[in-house]
Amino acid sequence: MAATNEQLIDLLAERFGDKLTEVTQPYGVLTFSVTKNDILSVLSFLKENGKIDFNFLTDLTAVHYPDQNAIAVVYHLHSMINGIRVRVKVFLNEAHPSIETACGLWKSANWMERETFDFFGVKFENHPDLRRILNMDDLGVHPMLKQYPLEDPNRVDKKDEYFGR
Amino acid sequence: MNHNQPVYTDNDPQSELVTLNLGPTHPATHGVFQNVLKLDGERIVSGVSTIGYIHRAFEKIAEHRPFYQITPLTDRLNYCSSPINNMGWHMTVEKLLGIEIPKRVDYLRVVIMELSRIADHIICNTIIAQDTGATTTFLYLFQFREHIYEIFEEICGARLTTNIGRIGGLERDVNDIAFAKIEKFLKEFPVALKEFESLLNRNRIFIDRTKGVACVSQEMALSYGWTGPLLRSTGVDYDVRVSEPYSSYQDFDFEIPVGTSGDIYDRFLVRNEEMWQSVSIIRQALDKIKLEPKGVFHADVPAFYLPGKEDVYNNMEALIYHFKIVMGEIDAPKSEIYHAVEGGNGELGFYLISDGGRTPYRLHFRRPSFINYSMFAKMSEGMLLSDAIINMSSMNIIAGELDA
């Protein structure tokens, strides 16, 4: 049983070699990036390898980095048996963000991917039902992208600089 | 009696289906949910859940607010147990900033969190009873939720959306009246809970309505991302309080109740037993608080903990820190963190990315109601409409947490 991050890194390095980039451990959670071509094989390796057994998809979300022209899709996996978490990131081009769906591995990915699509416009390929989930269907924008301001831009009394932000 | 098996077939002569809009506002759904159901008689053939009716863009708002102003947003996630959300957020920020919390504060937080867990479970379990026709039990136990709110009122001044505590501790010490109220609650609540259980646990009507209804296997529950009492009712003993203890939960002696079949009856029993465990945790915590130095209610971190008003007016340093904290000019490290607490419905997670600025670069709430609810439409297929209603009650879906 792999119980520490170092053992996990060894296992992953053995299988995927240098496909793992930006390996860090902020606050004890192993974090690394892979490309979108490798993400499904990495996720299914993490899920199905009996030694590490990441059986649970805790969270799936995205982060927009406009200065890198990137949207990062972030997966949090949890191995309940080993009591260890791992964070996997995939950086996508913000112009055409698309990535393979994880619905085949975890059913919970269905709604979390719909939420990520709704707020960031990430297209999850082969998703069974990729529709907006929290916003209305004809919203037209993906509101969590950083270019959209919080307040109505037409209001003169609520400029961000008045509030120091 | 297996409700999950559809009875209709393709060559059924009575195959004309009825479409029913259950919600968005419907007295039986206890919240703003819409389900468009296709019915064959009283049996559900297929369903589509539509959510987002009270979406308030908390994640977007949080990107524009300093850390301490995000606490009131967390109140409005699962508003049946706001203090757990508040504490979860405070602990996330404290972990990010590396603040050590004194034991007494940890224990006080445990008392508050377990009280709100009881309040949350009271709501869910009494509403299962209410939806199966037992109004008496609903009214009987619900008054203890009121008593818990009175305790919160004494501790922080608010009842429902509490905004309880601060980053670095509590905003004020818990006074003697609050402790007296907690003691009174601990004396009266077990009696009522015992009676509640004796009214329902072996009640023939209640068992017929709930046992064997909406069974869920462990594999299904894990695949759909279930956590909390729902997951434990299927027999998986996963509880964040034990697997990743926060707020000194490792100092307490308690058990994680699990069910076997994941049906509504098991979920009900798991929640009831969790209330007993919570009562025991609160008793242990009160004993531990007596051993800790009196009057400690926050960590000694002036750079992050908002000082008292009399210090701000009379003390230069306090004034400076007050200004810096209110303007959000605290030194937060450039990092990312995921912190989870055991909420009333399951694993409530905060994924916070800080770029060192005054606001989070990105904050994502892992909301258990949202993830638990994704199975509902699929589960309902082949179920009787009346069973689907109590199934929804037993999942304890809170609209605020569902939609964020």
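Me: What makes the charged end of A:Lys47 count as sitting over the ring of A:Trp106?

Reply: The charged end of A:Lys47 is placed 5.7 Å from the centre of the A:Trp106 ring, which is inside the distance limit of the term (NZ of Lys or CZ of Arg within 6 Å of the ring centre and within 35 degrees of the ring normal). B:Lys288 likewise lies over the face of B:Phe252, at 5.5 Å from the ring centre.

Me: On what basis are such features listed?

Reply: The model is predicted, and local features need pLDDT of at least 70 and side-chain atom pairs pLDDT 80 or more, whereas totals for chains, interfaces and linings use all residues. Residues are numbered from 1 along each chain as its sequence is written, chains are lettered from A and ligands numbered from 1 in written order, and side-chain values rest on heavy atoms, without hydrogens and water.

Me: Why is the aromatic pair of B:Phe67 and B:Trp89 called tilted?

Reply: Over all chains the structure holds 22 aromatic pairs. In that of B:Phe67 and B:Trp89 the centres are 6.1 Å apart and the planes meet at 55°; rings of Phe, Tyr and Trp (its six-membered ring) pair if their centres lie within 6.5 Å, and planes under 30 degrees apart are stacked, over 60 edge-to-face and the rest tilted, so this pair is tilted. B:Phe67 belongs to the loop between helix H1 (58-62) and helix H2 (71-75) of chain B and B:Trp89 to helix H3 (residues 82-97) of chain B, so the pair ties together parts 22 residues apart in sequence; helices (H or I, at least four residues) and strands (E, at least two) are DSSP runs numbered from the N terminus.

Me: How do you know whether B:Phe67 is buried or exposed?

Reply: Its relative accessibility is 3%, and buried means under 20% relative accessible area, exposed over 50% and partly exposed in between (1.4 Å probe, protein chains only), so B:Phe67 counts as buried. B:Trp89, with 0%, is buried as well.

Me: What makes the pair of B:Tyr107 and B:Phe252 edge-to-face?

Reply: The planes of B:Tyr107 and B:Phe252 are 85° apart, with 5.6 Å from centre to centre. The pair links distant parts of the chain, 145 residues apart: B:Tyr107 is in helix H4 (residues 103-131) of chain B, and B:Phe252 is in the loop between helix H10 (240-243) and helix H11 (264-291) of chain B. B:Tyr107 is buried at 5% relative accessible area, and B:Phe252 is buried at 8%.

Me: Why is B:Cys124 not joined to B:Cys80?

Reply: Their sulfurs are 9.3 Å apart, and B:Cys80 holds the closest cysteine sulfur, which is too far for a bond, as a disulfide is a pair of cysteine sulfur atoms within 2.5 Å. B:Cys124 is buried, at 2% relative accessibility. B:Cys215 is in no disulfide either, the nearest cysteine sulfur, that of B:Cys124, being 17 Å away, and B:Cys215 counts as partly exposed at 37% relative accessibility. The search of the whole structure finds 0 disulfides over all chains.

Me: How do you know that B:Arg367 and A:Glu115 form a salt bridge?

Reply: Their closest N and O atoms are 3.1 Å apart, which meets the rule of a side-chain nitrogen of Lys or Arg within 4 Å of a carboxyl oxygen of Asp or Glu. The count between chain A and chain B is 6 salt bridges.
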